[in-house]
Amino acid sequence: MQNIVGQIASKANFYMRSREIKRIKMNLNAGANMQIAAPRRVGKSSILYYFLDNPDAGFIHIYFQVESARSKNDFYRKIYRDIIKSDAIGTGKKFVEQIKTVSNAFLSKLKGVKIAGNGIDFHDAEEIDYEEELLNLLMGLELGEDKLVLMIDEFPEVILNIVEENKGDVKEAKKFLQSNRELRNNPKLVGKIQFIYTGSNSLNLTVGNLDSSSLINDLTSIPVNPLTQAESKDLISSILNTYNYNITDDKLDYIIGKVEWTIPFYFQLIIHEIISDIDPTDEVTTDVIDRAFIAAIEQRNDHHFEHYVKRLKRIFNENERQFIQVFLCQLCRETTVDKDEAINLANGILTEEQTKRLLGSLIYDGYIIGQSTTVYKFNSPMLRNWWQNHEC
């Protein structure tokens, strides 16, 4: 298992997430549409890739990265084109032969493609309504007994992009959400097409800020939990063994205790620093591990953490960002902050109800954890130390 830091881990480099995979399979078999609802950096995209690499019989999976789409038509155009270009549909299901079939009324309506010899040419034009094109494509595809699963990554980014393109006006973003809901609940597609959404920004929070939570309440939420102690040890030792490093059980416990929030990303970052620091013949000591933690938050690794800051600027208004900055810097200084102190910090900035909502958002998005119902701390000392060095 290679050490993949901050990128999608697939095939032999994917660490099996049995609980999450089981939940998703159960819901696929039940015909559900889903969102993988979990904080950033926990491995949501890698889970989607697992299904791309390991489809169960009766399911065809296609993965879409839609972050660049900045309008409803951009989004549907990308989905439309990627389906046709995919091996699973464009080649494996002989799309060219299907579109040539005169009796296939839906595919014969498609404006965005034309046959060019034995292949396909795409015809882009501003007047093409790709939402309608996609609907005709999905209705017309002959899948036999198979179901097509559209796995859409970075979906919340598209919502934010549409709001930005409209200078803060949320009307078009709401229309976009409504059109997605109508598509996945179209009676002619139910039982044939299923959707899985995820992204590095919280879909629930992004949609909630538009006062449009009802437009995603048909989605089943799939959580992604931190690794167990045994899984954490297995992941760390498996990666280190790939590079011929040995590590004792007590040192595994030491790494896990320092990381606290047991997600693969933090372990992979520490492992990267360990194998950059010592040779395979050297012992992985507590000093080596301590150096790795310090190195992990050096300036050269800022790109692994800066999205935590950038996201706040996209999601929250000025008053909300002001409170979050004060609150997180207080957490850096004191390690823990209780609910009453947090509410006091927000005095004059936010109401008590707004403060509680923001604290819940910070927990959901992986900034902080609630040690109890009234005490908060950073999810990991690694993020806390980076935040203190760069933002306080």
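Let us begin with Cys-392, which counts as partly exposed in this predicted model, at 48% relative accessibility. Its bonding partner is Cys-329: the two residues form a disulfide, with their sulfur atoms 2.2 Å apart. For those new to the term, a disulfide is a covalent bond between the sulfur atoms of two cysteines. The link of Cys-329 and Cys-392 is left-handed, with -100 degrees about the S-S bond. This pair links distant parts of the chain, 63 residues apart: Cys-329 belongs to helix α16 (residues 318-334), while Cys-392 lies in the segment after α19 (381-391). Cys-329 counts as buried, because its relative accessibility is 8%, and the cut-off for buried is under 20%.

What is the nearest cysteine sulfur to Cys-332? It is that of Cys-392, 4.0 Å away, and Cys-332 is in no disulfide. The reason follows from the cut-off: a disulfide requires sulfur atoms within 2.5 Å. Cys-332 also counts as buried, at 6% relative accessibility. The count of disulfides in the model comes to one.

I turn now to the salt bridges. How many salt bridges does the count come to? The count comes to 22, and I shall present three of them in detail.

In one of these, Arg-291 pairs with Asp-277, the closest N and O atoms being 2.8 Å apart. Here too, distant parts of the chain are linked: Arg-291 is in helix α14 (residues 286-296) and Asp-277 in helix α13 (residues 264-277), 14 residues apart. Arg-291 is partly exposed, at 41% relative accessibility, and Asp-277 is partly exposed as well, at 38%.

Another salt bridge joins Arg-357 to Glu-320, with the closest N and O atoms 2.6 Å apart. Because Arg-357 lies in helix α18 (residues 352-364) and Glu-320 in helix α16, the pair ties together parts that are 37 residues apart in sequence. Is each partner buried or exposed, or something in between? Arg-357 is partly exposed, with a relative accessible area of 35%, whereas Glu-320 is buried, with 10%.

Helix α18 also contains a salt bridge between the side chains of Glu-352 and Lys-356, at 3.2 Å from N to O. These two residues are separated by about one helical turn, because they are four residues apart in helix α18. Both are partly exposed: Glu-352 has 43% relative accessibility, and Lys-356 has a relative accessible area of 36%.

Finally, some salt bridges share partners. Such bridges join Arg-70, Glu-157, Glu-164, Glu-165 and Arg-314 into one network.

Conventions. Residues are numbered from 1 along each chain as its sequence is written. This is a predicted model: local features need pLDDT of at least 70, side-chain atom pairs count only at pLDDT 80 or more; totals for chains, interfaces and linings use all residues. Side-chain values use heavy atoms; hydrogens and water are left out. Buried means under 20% relative accessible area, exposed over 50%, partly exposed in between (1.4 Å probe, protein chains only). A salt bridge is a side-chain nitrogen of Lys or Arg within 4 Å of a carboxyl oxygen of Asp or Glu.
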